[in-house]
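Thanks for asking for a second pair of eyes on this one. Here are some notes to read alongside the structure, point by point.

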Amino acid sequence: MKTEMPVLLIGIGNPFRSDDRAGLEVAQRVQRSANDRLKVLQITGNPLALLDAWEGYSDVLLVDAVSSKSQTGPFQIIDAVQQTIPAGLFNTSTHNISVAEAIEMARNLGQLPERLKVYGIAGQNFQFGETLSSHVDGAIEEVVRHILSYIE
Amino acid sequence: MAKKKSDSKIIKVDTLARVEGEGALYIKVQGNSVQDVRLKIFEPPRFFEAFLRGRDFKEVPDITARICGICPVAYQMSSVHAMEDALGVKVDGPLRDLRRLLYCGEWIESHVLHIFMLHAPDFLGYEDAIQMAKDHREVVERGLKLKKVGNDLMTLIGGREIHPINVRVGGFYKVFKKQQLKDITEQFKWARDAALEAVRWTATLSFPEFERDYEFVALRHPSEYPFNEGRLVSSAGLDIDIREFDQHFEEEHVEHSNALHSVLKERGAYFVGPMARFNLNFDQLSPIAREAAEQAGLSRECRNPFKSIIIRSVEVLYACDEALRILENYEMPDRPFVEIEPKTGTGYGCTEAPRGILYHRYSIDDSGKILDAQIVPPTSQNQKTIENDLKEFVPKYLDLPDAELTWQCEQAIRNYDPCISCATHFLKLEVDRE
């Protein structure tokens, strides 16, 4: 992949809700190996902040935990420019606007980046806590490798 | 969703969206009369008051800020004022102004979220703000940008936009040079114009015919629209020092809610929030806010809760105007905080959260350890008034189709911008007709 503008990686989640911290973990682990072709951000608050965060970027990777029971693999990738995000997929947040809603809001306002890939990591436990489920930790490593190969 | 069984029917909405928090509403209708209305708040109590006991008095703004992600500044302000009251400390001058400035940021981000993301779709017939954005792109974009100005102010003064970390008992951890406020001042010049547009826009919406004779309760200050200080007054003649709160108000446990219902001992339900502040402090609005309110068709008295969306816009305009006034007159304080030594005492704090008065009371020992805490948030104070609104609202609109009636009941709840997050997360609505 060749582009002059850096790729933006956004990890989003709640660090105190166990597996919901998966997106933040990915951002932190990728940051250690990142280069000047990648900008890394973490969002722990209202997902509406996404609209400002990706302003000016054309290539954005977003990572969040997924609560979907139907998901079979450890993670999934959605091309959010081509595909509407299923309502409720990223509904782990206690905030009133979910990640899916923020993305659909951006679509309706014409504020989606040119390329937006959303990584959904299947979480099991969203109770209070700072410990990841073991399978989520494995999925995080897979997503990190996937992202690093994408920016190389 | 409507279910029929013989001559009765149940209207049920599994999830009422666009409120902060989780709860449920049950309405039972028999013939033309409402038999029962219950705003159910079912999330377990969070015991903040209990685990504050034994903590140091300096920890209280950071612990209580965690009660709510939408109105953390309110918790910080009520708690620091209560502690300063207990310790006999007065914070004034530029430090007081900075507190007021931070509060402006919270009112803006909280009110604008509710106006454009949560409440406006009701008036325009959209399921949510995402659908509304397709047809009202400019309005939603302006709303989001306005909210961001509030968030940016919170980030600057508070250290971060959610659960600020710069507030301490006695003042702030860090204060700012005037130059550091230059960029945000420029943003607020745009924000004030945008807020004026918001007032004009909300005034064009259609409002159900509905008025009640409420007892409004709010702070009243002799020279300013209330944020941090004032006497507690009401439209029925209450006029007390905040230290007398417990003598006039009491909290009751009701079976269907895990949030205590607060009532006036002598008269029962009352109404706090933007509508109450507006009705009791209209004369304290700045000229631009007062004039905009009048041009929007509001007079000194407004008793239609559906028009709260206009009043929130007026308060956003006021907050932008007040923030600009403080920013333009700002001089860096000599010191970021007033030194405080602990001593035994009881202190009281009551400030105007976006949704209404937030009362705190603490007792501390001579080492500054908290012995006892009481926190009364605005949504718990409005619970009974929300139920009473629905008791009167539903009979007037029983001719509406079930789906429309249900929608309007949800809208009537959202008039209060209930922050059930201070206790819960989802709200389910169920109307039972017989």
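1. A good place to begin is B:Gln381, which sits in helix 12 of chain B, a helix that covers residues 378–396. Please keep in mind throughout that this is a predicted model. Is B:Gln381 buried or exposed? Its C-beta has 29 C-beta neighbours inside 10 Å, so B:Gln381 counts as buried. Setting aside neighbours within four places in sequence, B:Gln381 touches B:Ser262, B:Tyr270, B:Val272, B:Gly356 and B:Val376. B:Phe249 is also worth finding: 132 residues separate it from B:Gln381 in sequence, while the two C-alpha atoms are 9.7 Å apart in space.

2. Next, look at helix 4 of chain B (residues 94–124) beside helix 11 of chain B (residues 308–329). Their axes are 9 Å apart and meet at an angle of about 150°. At that angle helix 4 of chain B is roughly antiparallel to helix 11 of chain B, and the crossing is left-handed. On the helix 4 side, the residues making the contact include B:Leu101, B:Cys104, B:Trp107, B:Ile108 and B:His111. On the helix 11 side they include B:Ile309, B:Arg312, B:Val316, B:Ala319 and B:Cys320. Sorted by class, this contact holds 13 nonpolar, four polar and five charged residues.

3. Helix 11 of chain B has another partner in helix 10 of chain B (residues 287–295). Here the packing angle is about 160° and the axes are 8 Å apart, which makes helix 10 of chain B roughly antiparallel to helix 11 of chain B. This crossing is right-handed. From helix 10 of chain B come B:Ile288, B:Ala289, B:Ala292 and B:Ala293, which meet B:Val314, B:Leu317, B:Tyr318 and B:Asp321 of helix 11 of chain B. The class count for this contact is seven nonpolar, no polar and one charged.

4. Which residues have the most contacts inside the largest nonpolar core? They are A:Leu9, A:Ile121, B:Val314, B:Leu317, B:Cys320 and B:Ala323, in a core of 150 residues. The element that gives the most to this core is helix 4 of chain B, with 14 residues. As background, nonpolar side chains in soluble globular proteins tend to be buried together. B:Leu317 is a nice residue to click on: beyond its neighbours within four places in sequence, B:Leu317 contacts B:Arg192, B:Ala195, B:Leu196, B:Val199, B:Ile288, B:Ala289 and B:Ala292. Another core, of 18 residues, lies apart from the largest one and has B:Ala24, B:Leu405, B:Cys409 and B:Tyr416 among its members.

5. Now to chain A, which has four helices and five strands. Read from the N terminus, the order is β-α-β-α-β-β-α-β-α. Of its 152 residues, 45% are buried. Among chain A contacts with a separation of 6 or more, 77% join residues 24 or more positions apart.

6. Helix 3 of chain A (residues 99–108) deserves a close look. Eight of its ten residues are buried, so the helix is largely enclosed by the rest of the structure. The buried ones are A:Val99, A:Ala100, A:Glu101, A:Ala102, A:Ile103, A:Glu104, A:Met105 and A:Ala106. What do they pack against? In chain A, their partners are strand 1 (7–12), helix 2 (49–53) and strand 3 (59–66), and chain B adds helix 5 (129–135). Just past helix 3 of chain A, A:Gly110 has a positive phi of about 70°.

7. For a contrast, try A:Arg145 in helix 4 of chain A (residues 134–151). A:Arg145 has 13 other C-beta atoms within 10 Å and so is partly exposed. Its C-alpha is 14 Å from that of A:Gly23, which is 122 residues away along the chain.

8. Lastly, a backbone check. Most residues other than glycine have a negative phi. B:His163, however, has a positive phi near 50°. B:His163 belongs to the loop between helix 6 (137–158) and strand 5 (167–168) of chain B, and with 20 other C-beta atoms within 10 Å it is buried. B:Asp417 also has a positive phi, near 45°. B:Asp417 lies in the loop between helix 13 (402–414) and strand 15 (427–433) of chain B, and is buried, with 28 other C-beta atoms within 10 Å.

Terms used. Residues are numbered from 1 along each chain as its sequence is written. Chains are lettered from A and ligands numbered from 1 in the order in which they are written. This is a predicted model: local features need pLDDT of at least 70, side-chain atom pairs count only at pLDDT 80 or more; totals for chains, interfaces and linings use all residues. Axes are lines fitted to C-alpha atoms, for helices over the stretch in contact, and angles run from 0 to 180 degrees between N-to-C directions. Helices (H or I, at least four residues) and strands (E, at least two) are DSSP runs, numbered from the N terminus. Angles under 35 degrees count as roughly parallel, over 145 as roughly antiparallel, 65 to 115 as roughly perpendicular and the rest as oblique. A crossing is left-handed if the near helix is turned anticlockwise from the far one by less than a right angle, and right-handed if clockwise. Two residues are in contact if their C-beta atoms, placed from the backbone, lie within 7 Å. Ala, Val, Leu, Ile, Met, Phe, Trp, Tyr, Cys and Pro count as nonpolar, Asp, Glu, Lys and Arg as charged, and the others, Gly among them, as polar. A nonpolar core is a set of buried Ala, Val, Leu, Ile, Met, Phe, Trp, Tyr and Cys residues joined through C-beta atoms within 7 Å. A residue is buried if 20 or more other C-beta atoms lie within 10 Å of its own, exposed if 12 or fewer, and partly exposed in between; C-beta atoms are placed from the backbone.
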